Every structure is written in C-alpha cells, then in structure tokens.
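Here's a walk through the enclosed spaces of this protein and the residues around them. Have the structure open as you read.

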Amino acid sequence: MLLSQALLPAVVFAHAALQALASNTFLAAVYEHAVILPDPTEQPVSPSDALALMNKNMDVLEGAIKEAARQGAHIIVTPEDGIYGWRFTREAIYPYLEDIPDPMVNWIPCTDPSRFGPAPVQERLSCMARNNSIYVVANIGDKKPCKSSDPSCPRDGRYQYNTDVVFDTQGKLVARYHKYNLFEEESNQFNYPKEAEAVTFETPFGKFGIFTCFDILFYEPAVVLVSKMQVDTILFLTAWMNVLPFLTAIEFHSAWAMGMHVNVLAANTHNTSIKMTGSGIYAPAGARTYSYNMKTEDGHLLIAELDAHPRLSPAAPPAVSWNSYALSVERFSQNDHEFTGIIFEDRFTFTELTKPGGNLTVCQKDLCCHLGYKMAEKRDDEVYVLGAFDGLHVIEGQYYLQICTLLKCPSTNLSTCGQPVETAQTKFEMFSLSGTFGTSYVFPEVLYSGVQLAPGEFEVLSDGRLINQNTTSKPVLTVTLFGRWYEKD
C-alpha cells in the first residue's frame, strides 16, 4: 500500500507528460450566435425574467457545445453578449449579473452551485463543460460590491464588469477576465477594472490568453499576452460591427493572428441589422476556417485543427522587419494626381493606379507606401488607389495608426475612394506592398470581392513586403498593411 501511494504521483506526472507531448495539435471550435435579445427597457426586469431570457440563449449555445464535443473539439468559444444581448442601461443590466469569484478558489459550479451565492448561469455553463468534456468559454456579467470609502466606487455601491469565463473539462472555473477597453456605449453599463488584466491558463494543448472585442486594438492586454506572457492561442469573444475597408471582423482578426504569430479563436455575435458577423479560427499562416454571412440570421459552428504551439511549428512564418524593404529602395514614381480621401474619419493621401501595371509610392508624414503591381486586366469601370495614413485615429477611442493600402473605389468618381465597397471585378497577376513603418506591429490583410479572405494566396516576406503567390483567384477589394504604433497613442 505504501509503495502504491509513493508511485502514484510519479505515474500521474508521467501520464500528464505523455499527454502534453502527444498534444501537438488540437481541435478548436467557435460559435457565431444569433442572440435572442430582451425587450428594450430602461427599468430592470425581475431576476426570474432575466434568467429565462439567458436560458433561451444558453439552450442554443448548449446545442452548439454538444455538437462541437461530438466532433471531437477540445475547446469552444462563444461570443461577447451571447447570453443576454446589449444596449442596456446600468440599472437594466443588473438582474443579468452574477458574482464571479477569482478562479483561485478552485470551484466547480456544476457540483457546488451555491458556494458563492446564486449562480445559475455559471452552474449551467460549468455543467455544459463537464457533461461534454470540453473547455467552454463564454461572456457574462460580473458584479462586485464596493464601499463608499473607495473613491472609485460608483454611487450605486457596486462595480459591474463585462466578463469572460472559462470552464475546463471537469466544469472547473479556470479563468475570469474583466474587459478593460470598453466601447463607448458600454460605459453606460459597465466599469473597467482599475488595471488591465493579463489572464492566462494552461491546458494539455497549449497556453491560452483571453480578451474581449475592442481590447484587440490596444496594447493592454492584447499585446502583453502575446509578447510578455507568451501565449500560444488567444480566445477572442466579440460583438464586432463590420467597418469596410479595413475593420471587417474576418480580415482584421485573421491579420492580427498573422501579425502576432499566434492562434486566434474569434467568436462573433450574429445580427445583420447592425452588420455583426464574421467568426473564424485563425493560425499565424492564415485562416483555418471562417464564416461571414450577411444574408441569413442563422448561427454557425466552426471547427478546425490548430497547432498547439504555433511558434514551434514548421509552418510558423519568419520574423518580419516591417520597414526593411521600404527603407532600402528609392521612392517609386509618384502619380501627379495625388488627392485626399476619408476612411472611417481618417484623412488618407491617395494616388490612382492609372496603368495596368507599374510601381507607385504615396507618402504621408513619415510613412511612405510602395506598391508594385500588375492587373490581369485594366477595366475602365473600376478604379483602384494606393493610400497612406499616418496619424491618430480619434473615433470611438484614440489610437495611432500607420496604414498602407491598395483599395478599390466604389465608383470611377475619385471622391468615393475610401467608402465601403463589397464587390469588384479586377484580378491582379501580382502585387507587392510595403511601407516605412515606425512600428513593429503591422497586420497584413487581403480581402477579395464578396468580403472573402484569401488564405494561402499571399505571404509576408521577412523584409516586410506583402506579396501574392499567383494571380488572385478572385477580384481584389483591398490589400493592406495595418500598423498600430502603440507608443504614440
């Protein structure tokens, strides 16, 4: 008996080590959920009515979780606002909130639901994970009482947080993240934590980090998790309203995965009336699977295999010096028809691609963007421009951007350049885009007609050039290097 007890820890350790070694890949799932929304009201509903609404959404999520588990997925990510919706007042959202403890308490809500007071949502999510042996990631609301002696304590005596939770295969709460960068409307409902939280957790298939929606555009916590915490995979819960030409969900989230050299599991809410769609499973080398659907109101489950440790994968892209090529060459010819245009309230400098092929340079402040290109056919009814933006973006937040872009204009009227457009007819035999970036955080985007990605059809060279492999399989909407200069925010 004593010998068996002595050997047990060694056996457990050996099993864990073998399991970790075997887990070079894993199956990931994300679910884009068409959220069942509450009736608009500025007054709080009863707790029972709030729970009834949340159970309707969790019924749908549970179906997706069961199906993902049936197909062998190890983890599933569901979207921000996926359980109760959005556009509440601070008072009206309160009945939907629960007290979510620090995961250090070692708690399985499914087997001990009342340990921290009423927690029916956490209990049900925990049971979904436990009953299906799958990691479940969801977005709910946390409430924390505070005292008047706390100078930051709101007048109603509580903090309210937009919160992500993770339950492991046993239903244990293993991660809790309070959203730090609130979108402007959220400040009517939630508080932001006093300090940004860099939340990570370990699994047999890699180290994970987690954050929410608007967080992806800022240094904390997004870049911290990758650069300092060295996570393998980001769990990204979002309610993303698409903004062409650079900030549609699928193009920016896939570009962020490529630029940061990590996996990203991005789960979006689905509501076409406010242009919410676009979820995907992204690897550093490109999208493994994605969905963008503005035609129906259906939810959608995505499942794909990922490398557990993408930095160690043979497919890992090389380190990139984003301005190396652009600084080493003289400026290409500059078109005499430079003009300015507005994209998402930012004033770009543009130059038109007047020939079927050639080399162009356009500059703004310290950023010069170089383009070499050849169109498969130059059409008279379509206009493309090369654009540059170097400045502080100030709409719905302030963040400093450096952007080089080849984009299609909605019409032959140059005053429309920069406005949203979803279809094109022009294919490119080649393109090579680069820029004199002052930041090392640059995200490569290629978007095809119909708002489709181009996985496997382009690459980023180590000298910072974004190039295509062959003639594009579909007409081009945009080719973009989207730079974030965090130090200048």
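Which residues does UniProt list for "active site"? The unreviewed entry gives Glu80, Lys179 and Cys213. Keep in mind that the model you're looking at is predicted. In this model the three cluster in space, with a largest C-alpha distance of 10.4 Å, although they are spread over 134 residues of sequence. Glu80, Lys179 and Cys213 also turn up in the lining of the largest pocket.

Take Glu80 next. Its place is in the loop between strand 2 (75–77) and helix 3 (90–93). Is Glu80 buried or exposed? Its relative accessible area is just 2%, so Glu80 counts as buried. Setting aside neighbours within four places in sequence, Glu80 is in contact with residues including Lys179 and Cys213, so to speak its partners from the UniProt list. Other contacts of Glu80 include Asn139, Asn162, Glu186, Thr212 and Thr238.

The same kind of record covers a longer stretch: for "domain: CN hydrolase", the unreviewed UniProt entry lists residues 31–308. Over that range the chain is 22% helix and 27% strand, and the C-alpha atoms at the two ends are 20 Å apart.

**Enclosed spaces**

Rolling a probe the size of a water molecule over the atoms shows where empty space is left. Here the count comes to five cavities of 30 Å³ or more. These are the top two by volume:

| Cavity | Volume |
|---|---|
| Largest cavity | about 110 Å³ |
| Second largest cavity | about 90 Å³ |

Start with the largest cavity. Its lining has 15 residues, and the closest to its centre are Ser254, Met258, Leu453, Ala454 and Phe458. The elements giving two or more residues to this lining are helix 6 (249–260), strand 12 (286–291) and strand 21 (442–448). Helix 6 has the largest share, with four residues. By type, the lining of the largest cavity divides into 10 nonpolar, three polar and two charged residues. It draws at least three residues from each of domain 1 (21–312) and domain 2 (323–488).

Now the second largest cavity. Of the 13 residues lining it, Phe246, Leu247, Ile343, Phe344 and Asp346 lie nearest its centre. Strand 15 (346–352) and strand 19 (399–408) are the elements that give two or more residues to this lining, and strand 19 gives the most, with three. The lining of the second largest cavity splits into 12 nonpolar, no polar and one charged residue. Where does the second largest cavity lie with respect to domain 1 and domain 2? Both domains give residues to its lining, so the second largest cavity lies between them.

**Around helix 6**

Back to helix 6, which holds His253. With a relative accessibility of 0%, His253 counts as buried. Not counting residues up to four places away in sequence, His253 touches Ile216, Phe236, Thr238, Trp240, Ala266 and Tyr282. Thr238 is worth picking out, as it is among the contacts of Glu80 too.

Helix 6 also has a part in covering helix 5 (residues 219–227). The buried residues of helix 5 are Pro221, Ala222, Val223, Val224, Leu225 and Val226. Besides helix 6, what covers them includes strand 6 (173–178), strand 7 (200–203), strand 8 (206–212) and strand 9 (233–238).

Conventions. Residues are numbered from 1 along each chain as its sequence is written. This is a predicted model: local features need pLDDT of at least 70, side-chain atom pairs count only at pLDDT 80 or more; totals for chains, interfaces and linings use all residues. Side-chain values use heavy atoms; hydrogens and water are left out. On a 1 Å grid over the protein atoms alone, a cavity is a set of points where a 1.4 Å probe fits but cannot get out, and a pocket is an open set with protein on both sides within 12 Å along at least five of seven lines; lining residues have an atom within 4 Å of a point. Grid points are joined across faces, edges and corners, and a volume is the space filled by probe spheres set on the points. Ala, Val, Leu, Ile, Met, Phe, Trp, Tyr, Cys and Pro count as nonpolar, Asp, Glu, Lys and Arg as charged, and the others, Gly among them, as polar. Domain bounds come from an automatic or database domain assignment. Buried means under 20% relative accessible area, exposed over 50%, partly exposed in between (1.4 Å probe, protein chains only). Contact means heavy atoms within 4.5 Å. UniProt positions are given in the numbering used here, feature names are shortened, and annotations may be inferred rather than shown by experiment.
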